[in-house]
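Student: I am new to this structure and should be grateful for a close look at a single part of it. Would you please take chain B and describe what it touches?

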Amino acid sequence: MPRMGEELRQYLREELMPGVWCPGCGHGNVLRGVVTALDRLHRKMDQVVCVGGIGCAGRSPFYLNSSAMHTTHGRALAYATGLKTARPDLTVLVTMGDGDAAAIGGNHFIHACRRNIDLTAIVYNNGTYGMTGGQQAPTTPAGMRSTTTPLGSIEPPFDISELARAAGASYVARTTTFDFEELPQYIAEAIAHPGFAVVEVLTQCPTYFGRLNHLGDPATMLDYERDLTFPIEPMTREQVAGQLPVGRFRRDVRPEYTRRYAELCDRAAAAAAAADGATDDEPLPRRDCALPRDPYEVRFSGEGGQGVILAGVLLADAAGSEGRQVVHTQSYGPEARGGACKSEVILSSREIPFPEVEQPDAVICLSPEAMRRYTGLRPGGIRIVEERACLGNTPADGDIVLPLIRTAVEAGGELAVNVVALGALAGITGLVSREALEAALRRRLKPELLPLNQRALAAGWGVGR
Amino acid sequence: MRLIQGNEACALGALHAGCTYYAGYPITPASEIMEQMARMLPARHGVFVQMEDEIAALAAVIGASWAGAKAMTATSGPGFSLMQENLGYAAMTETPCVVVDSQRMGPSTGLPTLPSQGDVMQARWGSHGDRPGVTLTASSVGQVYEVTVAAFNISERYRVPVVLLLDAVVSHMREGVELPDLPVVTRQAPADPAAFLPFGGTDFMPLGAGKPIVVTGLAHAASGLPRATDGANAARMLQRVVDRIDAAGEEILRTRALALEDAEVGIIAYGISARPARGAVELLRAEGIRAGLLELETIWPLPEQAIRDLAARTRLLLVPEMNLGQLVLAIRATVEGRTPVLALNRVDGQVFPPAEIAAAIRQAVAEVRVPVEPAFREVQHAAHG
């Protein structure tokens with residue numbers, strides 16, 4: 001192997017050399033490929049960040065004279081995603097071993113491929129965990145020995161380049177430390193490529209993989225790499241069954257993540273500027289009339305999808321706009337639709353120490369299950385029950401049973417049953433003014449839903465009275 | 001006055017503090033923070049990224065912080081568990097960032113929509129090894145906003161990851177609040193960039209700003225270069241970051257006092273449990289028991305002096321927590337037997353009603369006539385039993 005040119009030494013942090021890599025290790029060859037590529041591309045090292053994971057390959061950032069982030073095992077691509085999305089102008093290289101990239105970091109690897117973010121991932125594939133002592137890796141070929149597969153591996157290995165291709169990486173190439181010319185060429189192409197680029201490099205670990213599998217000295221291991229692989233172009237020799245193809249498998253131009261994100265920001269900023277003209281409602285006068293009890297506790301209950309939480313939010317919003325102290329809490333199960341849920345509001349003329357309803361002064365029940373599950377009413381309180389919630393339940397003395405769903409349907413849709421109920425409650429109790437509720441509807445609802453809900457509020461108010 | 005949700009207040013506080021970067025993964029009950037950021041950041045030319053899991057979320061946040069951004073993520077217990085290794089990395093690399101954990105009842109998937117205070121010890125000790133741990137809490141929507149700003153400010157000034165513990169109730173609660181214009185702290189650029197040592201002080205220079213910078217989770221020198229076998233250097237570097245937080249005092253140790261001036265019994269509470277504790281103080285005062293509340297907005301580092309001062313002048317202390325007794329262990333260690341410290345616990349996903357806390361105080365006051373050592377032991381035992 002020729003000596004590294006003097007001109008390339010400027011790219012190295014020689015004070016940390018010799019580093020952790022064993023004599024005969026192929027990782028130095030890969031690093032030579034990286035610095036040669038950076039030199040060919042005239043990259044300024046103060047604009048380059050090399051991010052590494054954990055393991056022998058993960059140490060590469062220390063030996064490059066760029067900024068370096070030596071991160072946690074398997075997570076280098078996720079750290080690099082943070083760096084690159086925050087500073088898209090930087091050249092970000094990510095150096096990982098095969099275990100780092102494809103085992104513990106496999107999830108980050110496939111998602112980085114999918115996102116197509118402009119990072120250059122260099123996977124040093126030596127078929128083993130070198131730093132921890134030669135254990136089986138997800139790339140260890142079937143039948144090969146490691147310190148955790150002393151009788152030979154029985155697992156099929158990952159083909160990292162195939163994985164990258166399937167997951168959507170827009171540049172994928174595989175080469176070896178034997179392929180002296182291709183190695184820097186592919187890395188340079190990958191760095192220049194505007195998207196997520198993967199270069200998988202088969203590299204020799206004479207200390208473990210080679211020794212445990214009797215592959216001879218480092219030079220003999222380079223022959224092993226040559227014989228193991230088959231160049232897809234130019235085809236200079238016959239392919240032998242079982243050989244791994246090497247070469248450039250993909251170079252596509254696809255929309256790159258940070259550029260698409262910048263466009264999205266421009267769209268969002270334009271939309272925000274357009275919406276800036278919208279004015280808030282005029283402030284409402286304070287509602288000075290005393291609450292029926294102070295604090296006053298309200299519980300809306302029903303099933304997921306009935307808008308129970310929104311009803312509570314609208315009441316709290318409206319009462320707050322009239323100068324009351326308010327707190328709204330909600331309780332629901334995992335169901336987005338169905339199940340029982342409740343939404344509670346406390347109204348008070350003073351600060352509310354405890355935010356949850358303990359004994360409600362007013363209860364709205366919109367579903368049979370809610371009527372069964374959420375019991376308890378303060379003596380003298382009121383309970384408004386949707387007529388269909390009584391299915392299988394016996395209303396208590398004093399319950400106000402109302403056709404809330406029917407009223408909502410008549411107003412234009414069952415969806416608005418929550419606002420019918422809110423209107424009925426406000427009409428009966430006078431907790432908030434109708435103006436305040438209407439203003440809350442305008443603040444909280446999409447314009448296209450306003451007419452229906454305004455009708456529902458009016459209808460509910462009428463039913464309640 | 002605006003009616004806003006706790007999680008929305010967190011997002012608004014973050015933006016006020018200058019947060020320009022959010023990476024996250026959806027989880028109940030924290031998702032609204034993420035959704036708000038997804039809505040608000042792009043128009044401000046900030047960055048929002050949805051990552052593939054919580055491990056990646058915190059990794060991206062740390063990467064972004066080293067790119068110079070004020071960055072945050074938010075999660076709940078299961079995601080917070082996944083973040084622990086990278087939280088240790090953030091501490092080791094003195095990376096300013098904010099991690100919100102809206103607690104839900106665990107262990108494991110637990111009760112995903114119900115509140116808990118079960119992550120108190122995890123926030124402090126969840127990552128392997130020793131590290132400085134700053135953890136803040138909030139009990140109201142207005143406080144979520146203020147404490148989120150404080151979390152960023154502390155994180156930026158002291159170059160330390162800050163954890164903000166919320167819970168399912170505080171996150172989803174809505175209250176009418178005024179959002180005050182709070183002061184904002186931003187990490188300091190080095191006076192002399194050429195002589196900058198990334199791990200020499202609290203000044204900060206991002207990657208890609210003209211000087212190669214090395215960041216590693218290995219033990220390292222002030223220059224950032226690894227010193228992975230130099231134990232004395234590693235000990236010095238760790239002590240340095242821990243001492244920095246211990247010496248900070250007031251800005252970090254945030255507490256609120258309610259009716260403590262003449263209190264004979266004290267409640268020490270934090271997060272959502274401080275709300276019923278307020279109610280309990282009112283109930284007890286109405287019947288002639290002089291109760292007071294020390295609310296800890298900062299639980300780590302523990303405001304030890306405030307707790308010792310209170311212990312010195314009260315007959316007993318009660319610590320209500322929605323876990324099986326976590327912060328009470330540290331409070332007892334701080335009080336060192338000066339006064340009995342009782343634990344009141346529940347793990348059923350329900351917030352204590354004020355009456356339950358009041359009843360515990362009433363009973364304790366009846367039992368603890370003279371706070372001498374034997375009685376103290378019995379009460380402690382009973383509280384655990």
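Tutor: A definition is needed at the outset: a salt bridge here is a side-chain nitrogen of Lys or Arg within 4 Å of a carboxyl oxygen of Asp or Glu. Please bear in mind also that this is a predicted model.

By that rule, two salt bridges are found across the interface of chain B and chain A. One of them joins B:E52 to A:R115, with 2.7 Å between the closest N and O atoms. The interface also holds 24 residue pairs in polar contact, both residues of each pair being at pLDDT 80 or more. Several elements of chain B give two or more residues to the side that touches chain A: strand 1 (2–5), strand 3 (47–50), helix 3 (54–66), helix 4 (77–92), helix 7, strand 9 (174–177), strand 10 (214–216) and helix 9 (274–286). The largest share comes from helix 3 of chain B, with eight residues. Sorted by class, the side of chain B that touches chain A has 33 nonpolar, 15 polar and nine charged residues.

The extent of this interface can be given in two ways. Counted by residues, 57 of chain B are in contact with 59 of chain A. Counted by area, about 4,700 Å² is buried between chain B and chain A, and carbon and sulfur atoms give 59% of this. Within chain B, the residues that lose the most area to chain A are B:L3, B:E52 and B:R174, which together make up 14% of what that side buries. B:E52 is thus named here and also in the salt bridge with A:R115.

Strands of the two chains also pair. Strand 10 of chain B and strand 2 (residues 67–70) of chain A run in the parallel sense, over three bridges. In this pairing, B:T216 of strand 10 of chain B stands opposite A:H70.

Chain B has an interface of its own as well, between its domains. The domain assignment gives domain 1 (1–252) and domain 2 (256–384) of chain B, and their C-alpha centres lie 29 Å apart. Here 30 residues of domain 1 of chain B are in contact with 26 residues of domain 2 of chain B. The area buried between these domains is about 2,200 Å², with 56% given by carbon and sulfur atoms.

Two salt bridges are counted between domain 1 and domain 2 of chain B. The side chains of B:E146 and B:R256 meet in a salt bridge, at 3.4 Å from N to O. Across the interface of the two domains of chain B there are 20 residue pairs in polar contact, again with both residues at pLDDT 80 or more. On the side of domain 1 of chain B that touches domain 2, at least two residues each are supplied by strand 6 (111–115), helix 5 (120–125), strand 7 (134–137), helix 6 (141–158), strand 8 (161–167) and helix 7 (168–172) of chain B. Strand 7 of chain B supplies the largest share, four residues. The residues of this side of domain 1 of chain B divide into 16 nonpolar, nine polar and five charged. Helix 7 of chain B therefore appears in both lists, on the side of domain 1 that touches domain 2 and on the side of chain B that touches chain A.

Conventions
Residues numbered from 1 in each chain as written. Chains lettered and ligands numbered in written order. Predicted model: local features only at pLDDT ≥ 70, side-chain atom pairs only at ≥ 80, totals over all residues. Heavy atoms only, no water. Domains from an automatic or database assignment. Contact = heavy atoms within 4.5 Å. Buried area = accessible area lost by both parts, 1.4 Å probe. Polar contact = N/O pair within 3.5 Å; in protein donor to acceptor, adjacent residues only side chain to side chain. Nonpolar A, V, L, I, M, F, W, Y, C, P; charged D, E, K, R; others polar. Pairing = 2+ DSSP bridges.
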